[in-house]
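Student: I should like to understand how the descriptive terms applied to a structure follow from its computed values. May we take them one at a time?

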Amino acid sequence: STPDAMRRACEFYLQRGFTAIKFGWGVFGHDRKRDLALVAAAREALGPAVELLIDPGWMVNRSAYDAIELIRALEPYQVYWVEDFLHPECYDGYARVKEAGLKTRLAAGEQEATAWGFHDLIARGKVDVVQPDLSRCGGLSQVRKIVWEAQLAGIEVCPHAWLTDLLSAA
């Protein structure tokens, strides 16, 4: 992907009225300079009024130190959140990133499969947003427990859903 392709993608979503747009995976995570150029192009195309969210992917071999450096480099682009930037079970790594004093929200959880996993992600990982996926975490009953746990911790919940229309509807 190129900055021009990123600008075209932003225009596509803007024409459809989106007020928040998330990009990630695919090309992200393999070349820091390209990642930053793509995010810069997206922010330029979106302007300041549209929220920009980034998912750099957890399949890239990235340490907590690497994640801190990446998120710091993204902060000038007013990224609303960066999600799933470490392996899903790297709770202590998420905590180290949170403790670095970054301004950007940290989101994670789409790969978590249990309420106990979310408990660890919230208590140990200290993320700002949890993202339960109904098709992975046990359905509506489990999501109720996860939402309660998040509310108790004072953090946000944003369900993960992109695989199917049925999942999005749920």
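Student: What makes the crossing of H2 and H3 oblique or roughly parallel, and how closely do the axes come?

Tutor: In this predicted model, the axes of H2 and H3 cross at roughly 35° and come within 10 Å. Angles under 35 degrees count as roughly parallel, so a value stated as roughly 35° lies at the cut-off and I would leave that label open. The handedness is settled: H2 and H3 cross in a right-handed manner.

Student: Which residues make this contact, and how many of them are charged?

Tutor: H2 contributes Arg32, Leu36 and Val39, while H3 contributes Asp66, Glu69, Leu70, Ala73 and Leu74. Of the residues in the contact of H2 with H3, 5 are nonpolar, 3 are charged and none is polar. Arg32, Asp66 and Glu69 are the charged ones, because Asp, Glu, Lys and Arg count as charged.

Student: Why is H5 called roughly parallel to H6?

Tutor: Helix H5 (residues 115–123) and helix H6 (residues 140–153) pack at an angle of about 15°, and their axes are 9 Å apart. The limit for roughly parallel is under 35 degrees; H5 is therefore roughly parallel to H6. The crossing of H5 over H6 is right-handed.

Student: What makes up the contact of H5 with H6?

Tutor: On H5 the contact involves Ala115, Phe118, His119 and Ile122; on H6 it involves Gln142, Lys145, Ile146, Glu149, Ala150 and Ala153. These divide into 6 nonpolar, 2 polar and 2 charged residues.

Student: At what angle do H3 and H4 cross, and which term does that angle earn?

Tutor: Helix H3 (residues 64–74) and helix H4 (residues 91–98) cross at roughly 40°, their axes coming within 9 Å. Roughly parallel requires an angle under 35 degrees and roughly perpendicular begins at 65, so the crossing of H3 and H4 is oblique. H3 passes H4 in a right-handed crossing. The contact joins Ala64, Ala67, Ile68 and Ile71 of H3 to Gly93, Arg96 and Val97 of H4. It comprises 5 nonpolar residues, 1 polar and 1 charged; Gly93 is the polar one, because Gly is counted as polar.

Student: How do you know whether His30 is buried or exposed?

Tutor: Its relative accessibility is 60%. Exposed means over 50%, so His30 counts as exposed. His30 lies in the loop between strand E1 (20–24) and H2. Beyond its neighbours within four places in sequence, His30 is in contact with Asp35 and Val60. The C-alpha atoms of His30 and Val60 are 7.4 Å apart, although 30 residues separate them in sequence.

Student: Why are Gln78 and Lys126 given different exposure terms?

Tutor: Gln78, at 52% relative accessibility, passes the 50% limit and therefore counts as exposed. Lys126, at 36%, falls between 20% and 50%, so Lys126 is partly exposed.

Student: What makes the phi of Gln78 and that of Lys126 worth noting?

Tutor: Most residues other than glycine have a negative phi. Gln78, which is not a glycine, has a positive phi of about 50°. Lys126 has a positive phi near 60° and is likewise a residue other than glycine. Gln78 is in the loop between H3 and strand E3 (79–83), and Lys126 is in the loop between H5 and strand E5 (129–130).

Technical notes. Residues are numbered from 1 along each chain as its sequence is written. This is a predicted model: local features need pLDDT of at least 70, side-chain atom pairs count only at pLDDT 80 or more; totals for chains, interfaces and linings use all residues. Side-chain values use heavy atoms; hydrogens and water are left out. Axes are lines fitted to C-alpha atoms, for helices over the stretch in contact, and angles run from 0 to 180 degrees between N-to-C directions. Helices (H or I, at least four residues) and strands (E, at least two) are DSSP runs, numbered from the N terminus. Angles under 35 degrees count as roughly parallel, over 145 as roughly antiparallel, 65 to 115 as roughly perpendicular and the rest as oblique. A crossing is left-handed if the near helix is turned anticlockwise from the far one by less than a right angle, and right-handed if clockwise. Contact means heavy atoms within 4.5 Å. Buried means under 20% relative accessible area, exposed over 50%, partly exposed in between (1.4 Å probe, protein chains only).
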